[in-house]
Amino acid sequence: MSFDIRSVAVIGSGTMGGALAALYANAGLDVSLLDIVPTQLTADEEIKKLSLDHPAVRNRIVNAGMQAVLKSKPAALFAPQVAERIRVGNLQDNFDMVAQADWIIEVIVEDLKAKRALMARIDAERKPASIVSSNTSGIPIHQIAEGRSESLKQHFLGAHFFNPPRYLPLLEVIPTPDTLPEVVEFVKRFAEDRLGKGVVICKDRPNFIANRLGSYLGTYAMRYTLENGYRVDEVDEITGTAIGHPKSATFRLADIVGVDVMYHVAENLYNAVPEDEARADLKPPALLKTMVERGMLGNKTKHGFYKEVREESGKKKFYALNLDTLEYERPDKFIYDSISNAEMLDTLPEQLLYIVSQDDRAAMFIWDVTAHYLAYASHRIPEIADDIISIDNAMKWGFAHKAGPFETWDMLGVARTVERMASQDIAVAPWVKEMLANGHETFYHNGSCYDPISKKYKALPVSLKNIQLAHKRVVTANDSATLRDLGDGVAVLEFHTKMNALDDNIIEVAQDALTELDKHFDGMIIGNQGEHFSAGANVLTVGIAAENGEWDKIDEVAKALQDFLMLVRYSRKPIVTAPFGYTLGGGCEVAMAGARIVAHAESYVGLVEVGMGLIPAGGGLKEMLRRVVSPAMQTPNVDVLPYLQRVFETVGTAKVATSALEAQQLGFFGPDTRIVMNRDHLIADAKQTVLHLVAEGYQPPARTQIYAAGERALAAMRVAIYSMLSGKYISEYDALVGEKLATVLCGGKLTAPAWVDEQVILDLEREAFISLCGQDKTRERIWHFLNTGKPLRN
C-alpha cells in the first residue's frame with residue numbers, strides 16, 4: 001500500500017492545532033484548519049447586528065486560532081507568506097475539507113466522548129487511504145477509535161507532537177493493535193523526512209514516554225524543592241545548562257508549559273497509574289492546585305513561578321515566587337563551588353561526574369533528583385517502551401536535554417551510581433542489576449545498546465541519511481577545524497571552535513582543504529554537527545588587534561577570509577555549504593560562498609556586524625550586491641535605489657532571518673537553496689547535492705562584475721541617514737557606521753554608476769572595517785559584546 005500526503009486537515013484551532021497547521025504548511029503542504037461553529041454571539045457581534053448564520057460568526061473561532069498563529073512568538077511560520085497555504089473553515093459548512101485530506105489530525109478538547117463523535121463523522125467521509133491521527137496526550141489511543149470501521153482503525157494512530165512543534169523535534173507515534181504496520185512505517189518516514197521530526201514509537205500507556213518521565217522529573221524536583229527549602233530561582237540556576245538541560249530548567253519550564261497544564265497532566269497521570277511503584281512521587285504538590293485556583297498559571301497570565309516587575313530604575317526583572325508566602329521576590333545570585341568548578345571542565349560527562357561528587361546544596365539537589373529520575377526510567381521498561389534508546393531520544397527531542405536518562409547514567413558510571421542509590425534506598429529495576437551482574441557495565445557500548453528483553457547488546461539503528469562526521473576518516477586537522485573524507489569522492493570541512501567562530505586555525509585548515517580537494521576529491525561540503533554553523537569571526541582577536549592598533553593584522557585577517565571565500569566561489573570543483581542554527585557575520589559569508597546552499601530550515605542568518613559598530617568585511621556586502629542589486633540592474637532604466645535601500649536596511653539594522661526561507665527572501669540564500677527539514681539529514685543531503693553537481697559536469701561560475709551605483713546614489717543614502725539622525729532614530733555613531741556602509745555599497749568615490757570587479761568592493765569592505773576598528777566607540781562595543789554577549793547601543 002502506498003501513501004501520498006499532499007493535503008492535511010487539522011481539526012481544532014487552539015494553540016496546538018494552529019501550531020500543527022503551521023508545521024505542515026512550513027513543510028509545503030496544503031492545510032485546512034477547522035473548528036466548531038459558535039453557539040452564541042459576542043457582545044461585539046451583537047452591536048454589529050450579526051446573526052449566528054453570518055460567515056464571520058461561523059468562522060470566528062477558527063479565525064481567532066489563525067490570528068494566533070500569525071502573531072505567535074516565537075514564530076510558528078517560517079515566513080508570513082506561508083500562511084497562504086492554510087485555508088480555514090468550520091466543521092458544519094466545510095467538512096468536505098476533511099473528506100479531501102490525505103492526513104486528518106484531531107486536536108480537539110481532551111474529552112473521549114467528543115473525540116469518538118468526531119471519529120464517527122470522519123469515518124463516514126474520509127478517503128479510504130487517508131491517515132487519521134490524534135494528538136491526545138491523556139486519553140488511551142485505542143479507545144478513541146473504538147466502534148469505527150476496520151478501514152479507519154487500520155489507518156488510525158496516535159501522533160503526539162510536542163509544543164511548539166516547529167521547534168521541538170519529538171513526535172511520539174502510538175499505534176493501536178489494529179494499525180497497519182505499513183501505516184506506522186510511512187508516518188515515521190514522512191515525519192522524519194518532510195516534517196523534520198525525531199520519531200519514537202510508543203506503547204499506548206498514560207502520557208506515553210516523554211511526558212511520563214518529564215512529569216515525574218518535574219513533580220519530584222518540585223517536591224524536593226518544597227521539602228528542603230530551596231528557592232525557585234535557585235533551583236532554576238542549578239537545573240538548567242549546568243546539567244545539560246535548557247535554560248528553562250524546572251520552574252521556568254512550568255511557566256512556559258502552563259502551571260495549570262502541569263497540574264492537570266500530573267493529576268491525570270497519578271490517577272491513571274495506580275500500579276506505578278513511584279506513584280506517590282507523581283502526585284502534584286498542593287501548591288500547584290493553589291496556584292491554579294489563584295490564576296497563577298505562568299506565561300499565559302503573566303505570573304506563575306515568575307512575574308515580570310518594573311523596578312524603580314525602570315528596568316524590568318523577573319521576580320521569583322516565594323513558595324512559603326506566595327509573594328514575588330527580587331531574584332538572587334546563587335554561586336556554588338560544584339557548579340562553578342564544573343563549568344571549567346570541557347564535557348558534560350566530566351561536569352556531571354564532578355557535580356554529583358560534591359556535597360554543597362546544588363550538588364545534593366542534582367544528585368537526589370537525578371538518582372530518582374534514573375531509577376524511575378529503569379522501571380518504565382518494558383511498560384512504556386521495550387528499548388532504552390526510545391526513552392533517551394524522547395527526552396532529548398521532547399525536552400531538549402543533551403542526554404537521555406540512560407546516557408546520563410553511563411556518564412555517571414552505572415555500577416557506582418547503583419551502589420550509591422542502594423545506600424539511599426533508591427531502588428533500580430531488577431534488569432539493571434542483572435545487566436551489571438552479567439558483566440555489562442554500560443547501557444551503550446561500541447555502537448550498540450543493551451536490550452533488557454534479550455539481555456544482550458544490539459546494534460544501534462543506522463540511517464544512511466544520518467551521517468556521523470566523528471566516524472569519518474580525518475584527512476587533516478588542527479584544534480579549530482578538520483577535513484574529513486565522507487566517501488564517494490566527497491570531503492567535508494568541519495569547524496569545531498566555540499560557537500564555530502572563525503579564527504586563523506580554521507583558515508589554515510580551509511586552505512589545506514582546497515589543496516586536498518583539487519588533488520584527491522570530486523567535491524566538498526563546508527558544514528559541521530555542532531550547535532551552530534558559525535556565529536561569525538572571532539571577535540576577541542579583532543578586539544585585541546584594534547586595542548593595540550594592529551591595523552595591518554586586521555587587514556591580513558579580513559583579506560585571508562575574503563581570499564578563501566573567493567577560492568570557494570570559483571573552485572573548479574563544487575563546494576556546497578550546509579548552514580544551520582546561527583549563521584551570522586562571517587558564518588553567513590561562508591554560507592553564501594558555496595556553489596549551492598543546502599540549509600536546515602531552522603537557520604538564523606544575518607550580517608550582524610553593525611551591532612559592534614563594524615560592517616561585514618569577508619565579502620558579505622559584495623555578495624549582497626551581487627545577489628540583490630546586480631541582477632536588477634541588468635534591466636535598462638531600472639532605479640537602483642530601492643534595491644540598494646533593501647540591502648542597506650538588511651545589513652544596517654543587523655536583520656537576522658529566522659528561517660532558511662526568510663534567508664532566501666532577504667537575499668542571504670539564493671533561490672536554488674535546498675531547504676532540509678531534518679537537521680540529522682543535512683550532511684547526507686549536502687553530499688547528495690555535491691554528487692549531483694559532479695554528475696552534471698559542474699563548471700564554476702564566470703568571474704562576475706558588481707554594479708556600483710556611484711556618488712548620486714550615495715548622496716541619496718546620506719540624506720536618508722541624516723534624516724534618521726535628525727529624527728533621533730539613530731545615534732551619531734550609528735550614522736558614522738551607516739555612512740561607511742553606504743559608501744561600500746555604492747562603490748566608493750565613483751562619479752558615475754559602473755560595473756566593477758568584485759575585488760573593488762572587497763577592498764572597500766576592508767578599508768571601512770579597519771577605519772571603524774580605529775574608533776573608540778567600536779572598541780567599546782566589541783568589549784561590551786565580549787563581556788555580556790549582547791550588542792551595545794550608543
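Begin by selecting D488, which is found in the loop between β16 and β17 (490-495). The model on display is a predicted one. D488 has a positive phi of about 60° although it is not a glycine. Most residues other than glycine have a negative phi. Is D488 buried or exposed? Its relative accessibility is 56%, and it counts as exposed because the cut-off for that class is over 50%.

Next, select N500, in the loop between β17 and α23 (504-520). Phi of N500 is also positive, near 50°, and this residue is likewise other than glycine. Its relative accessibility is 4%, so N500 counts as buried, the limit being under 20%.

**The hairpin before D488**

Return to β16 and display strand β15 (residues 473-477) together with strand β16 (residues 481-487). In which sense do β15 and β16 pair? The pairing is antiparallel and runs over four bridges. Three residues form the hairpin that joins β15 to β16. To follow the register, label T476, which stands opposite L483 in β16. Strands of a sheet pair through backbone hydrogen bonds, and a backbone display is suitable for this stop.

**A sheet of three strands**

Move to the open sheet with the order β12-β13-β14, in which the pairing is antiparallel. Its edge strands are β12 (444-445) and β14 (456-459), each of which pairs on one side only. Between β12 and strand β13 (residues 448-451) there are two bridges, in the antiparallel sense. Here Y444 stands opposite C449 in β13.

**Two cis peptide bonds**

Most peptide bonds are trans. Select N163 and P164 for an exception: the bond from N163 to P164 is cis, with omega near 0°. P164 has its place in the loop between β6 (156-161) and β7 (170-175). Then select I381 and P382, which are joined by a cis peptide bond with omega of about 10°. The loop that holds P382 lies between α18 (361-379) and α19 (388-399).

**Two buried positions**

Select S32 in strand β2 (residues 30-35). S32 has a relative accessible area of 4% and is therefore buried. Which residues does S32 touch, not counting those up to four places away in sequence? They are V8, A9, V10, R87 and M97.

Continue to G240, found in the loop between α11 (232-238) and α12 (251-257). G240 counts as buried, at 1% relative accessibility. Leaving aside neighbours within four places in sequence, G240 is in contact with H245, P246 and A249. A distance monitor from G240 to M435, C-alpha to C-alpha, should read 31 Å; the two are 195 residues apart in sequence.

**The whole chain**

Finally, show the entire protein chain, which has 34 helices and 25 strands. Its radius of gyration is 29 Å, close to the 28 Å that the globule rule gives for 794 residues, so the chain is as compact as a globular protein of that length. Along the principal axes, the C-alpha trace spans about 80 × 70 × 65 Å. Of the 794 residues, 54% count as buried. Among contacts with a separation of 6 or more, 69% are between residues 24 or more positions apart.

With a surface display, the accessible surface comes to about 35100 Å², and carbon and sulfur atoms account for 52% of it. Colouring by charge brings out 84 positive and 103 negative side chains, the centres of the two sets lying 4 Å apart.

Technical notes:
Residues numbered from 1 in each chain as written. Heavy atoms only, no water. Pairing = 2+ DSSP bridges. Rg over C-alpha atoms; globule rule 2.2 N^0.38 Å. Buried < 20%, exposed > 50% of the residue type's maximum accessible area, 1.4 Å probe, protein only. Contact = heavy atoms within 4.5 Å. Areas by Shrake-Rupley, 256 points an atom, 1.4 Å probe, with all protein chains shown as cover. Lys, Arg positive; Asp, Glu negative; His and termini not counted. Charge placed at Lys NZ, Arg CZ, Asp CG, Glu CD.
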